[in-house]
Amino acid sequence: MGFEATYADFSVDPTRLANSEVRLHGARFAGSHVALSAGGSVTLDFEVEDPEDVPQATLTVTALVSRLGSDLGYAPMDVLVQGEVVAEDLTVPGGGDLPHDNVFAVPGRLLKPGANRLEIRSSAKSGSMLWLYRITLDPVRERGRSERARVAEAARDSVFTYRTELRPAHAASASWRAAPRLLFHIDRDEHSLPAQLGWRGEDGAESAISFQSTMSDFHGVYRAADGTAYEYRGRLTDRRPFSDDAENLSASPLHRFHTEEGWGGGWHTSHELRLLVDDGGAPVERVTWRDQRGDSGVVVLHAAASEVEVTGVEASDEFEDGGEGADNLLEDERGKWLTFEETAHLDFTLARPAAVASYSLTSANDFAERDPRDWTLLGSHDGHTWTPLDTRRDEKFTERFQTRAFHLRSTARAYRHYRLDITRNSGGTEVQLARVRFAEAPAGQAFTGYYQRWNEGPIGYRGTPVAAPSATLPTAPRVASELQAAVASLSETAQTLAALAEHLRKH
């Protein structure tokens, strides 16, 4: 392999390093880069294990020359390895806002086993500053390895805070004014930093921003809830790795989702998604992003109702000989339950007591006159004493296999048993249904969206909330048994001490 991934990332303080040590002369850290004055230098010491495996190395120096007033600026750069010149008086483009990647071939003969030295110098003739953003060095056959390692390491610091400012759109002469801080965290566990980010709040306010590659600054647009448009910019003030404490940084909720990607005709488990965007306004309802690899995604948040597991159902009557029993109501196939009565009731037993917030009924395959028209939903703790929860009158199904959801007007208590008491059908002499489902109150927020890798087409993307961890407390019987065990242990110890005392007394 020759040598390990080698880089110096000056976009953060302290400098992020791999297989290297850095010394500065006539240079200083300036927020997102190291600024070299005329004659200043940055020295990078790195280790090479076996130079025989490295016929040539690829050196990338990401740099920019600062302006001189309205001029482009001038700060030629020298590059030396082991004191030998690789490039001299290289004129780095100046006057822009984005740094440039300058790529050099380092002859393998300049490398030696053990300690090696790379030096970047700003010419003594420089009239402006040379800004260094990062340095990477790789064996020529593994070009890009160090940059990938740098990005993966940088992506671990994925909680960002920015000081922000606004000014009215189309008013370049207007002053910037302070705006609320922006705090965000987006992580699909793919070790990639965002390049662009957009979001919409529940009040209708919208933002779209783009970041410097170093994440030090962003620029974009903000449209307030009343429709007023502003330019929007920010400067990085804090960056840290994600931890559970990150939830305490913001008044807005941190969303954690189990996700699935839709492709090949089915849904497939994907990475957990963590999402937090707090701009000081209303909670977000939509987030879009593109990362520095070109992958992009969109999520639209919505309430997530949790379907309740039903373990059994009994009907007052059913056409069991025709395969149209009540058990079909719990299946996803297009079967049905049928009774040759004009009224009927269905008793459902849940896997656990649940406070049902809504339920859904699906009409069967034929004869609309068999559809339920009037009914009452009741709840019971023991399956004997019933409490009315929801009553419907003159309901209609307009299609076959139509699913209709019915929401309780107030959240019910948690019951283990639920009864659907059908008191009138739609004019026939039988009653039938295809499916019945129950759902608890919304258990957080889910999302629907899409995801697109840079060289592929868009695919479906959806998520359900990860349950918040909760402490498990010992039950009362367990506490009692543990106390009994402790008392027994103390009693046994007391008996042992008493026996020992008696033995000492006799001897």
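Strands here are DSSP runs of E with at least two residues, numbered from the N terminus. With that in hand, let's walk through this predicted model, starting with its backbone.

Asp89 has its place in strand 7. Its phi is positive, about 50°, although Asp89 is not a glycine. That is worth a second look, because most residues other than glycine have a negative phi. As for its surroundings, Asp89 has a relative accessibility of 33%, so it counts as partly exposed, given that this class runs between 20% and 50%.

Step back along the chain and you meet Gln82, in the loop that joins strand 6 (77-81) and strand 7 (84-90). Gln82 is another residue other than glycine with a positive phi, this one near 55°. With 30% relative accessibility, Gln82 also falls in the partly exposed class.

Now for a peptide bond. Most peptide bonds are trans. The one from Asp13 to Pro14, however, is cis, and its omega is near 5°. Pro14 can be found in the loop between strand 1 (6-9) and strand 2 (16-18).

Finally, let's turn to charge on the surface. Six acidic side chains, Glu318, Glu320, Asp321, Asp327, Glu331 and Glu333, gather there in a patch of negative charge. Where does Glu320 sit? Glu320 belongs to the loop between strand 22 (310-315) and strand 23 (337-339). Is Glu320 buried or exposed? Its relative accessible area is 58%, which is over the 50% cut-off, so Glu320 is exposed.

How values were computed: Residues numbered from 1 in each chain as written. Predicted model: local features only at pLDDT ≥ 70, side-chain atom pairs only at ≥ 80, totals over all residues. Heavy atoms only, no water. Patch = residues over 30% accessible without salt bridge, like charges linked within 9 Å, V, L, I, M, F, W, Y side chains within 5 Å. Areas by Shrake-Rupley, 256 points an atom, 1.4 Å probe, with all protein chains shown as cover. Salt bridge = Lys/Arg side-chain N within 4 Å of Asp/Glu carboxyl O. Lys, Arg positive; Asp, Glu negative; His and termini not counted. Charge placed at Lys NZ, Arg CZ, Asp CG, Glu CD. Helix = DSSP H or I, 4+ residues; strand = E, 2+ residues; numbered from the N terminus. Buried < 20%, exposed > 50% of the residue type's maximum accessible area, 1.4 Å probe, protein only.
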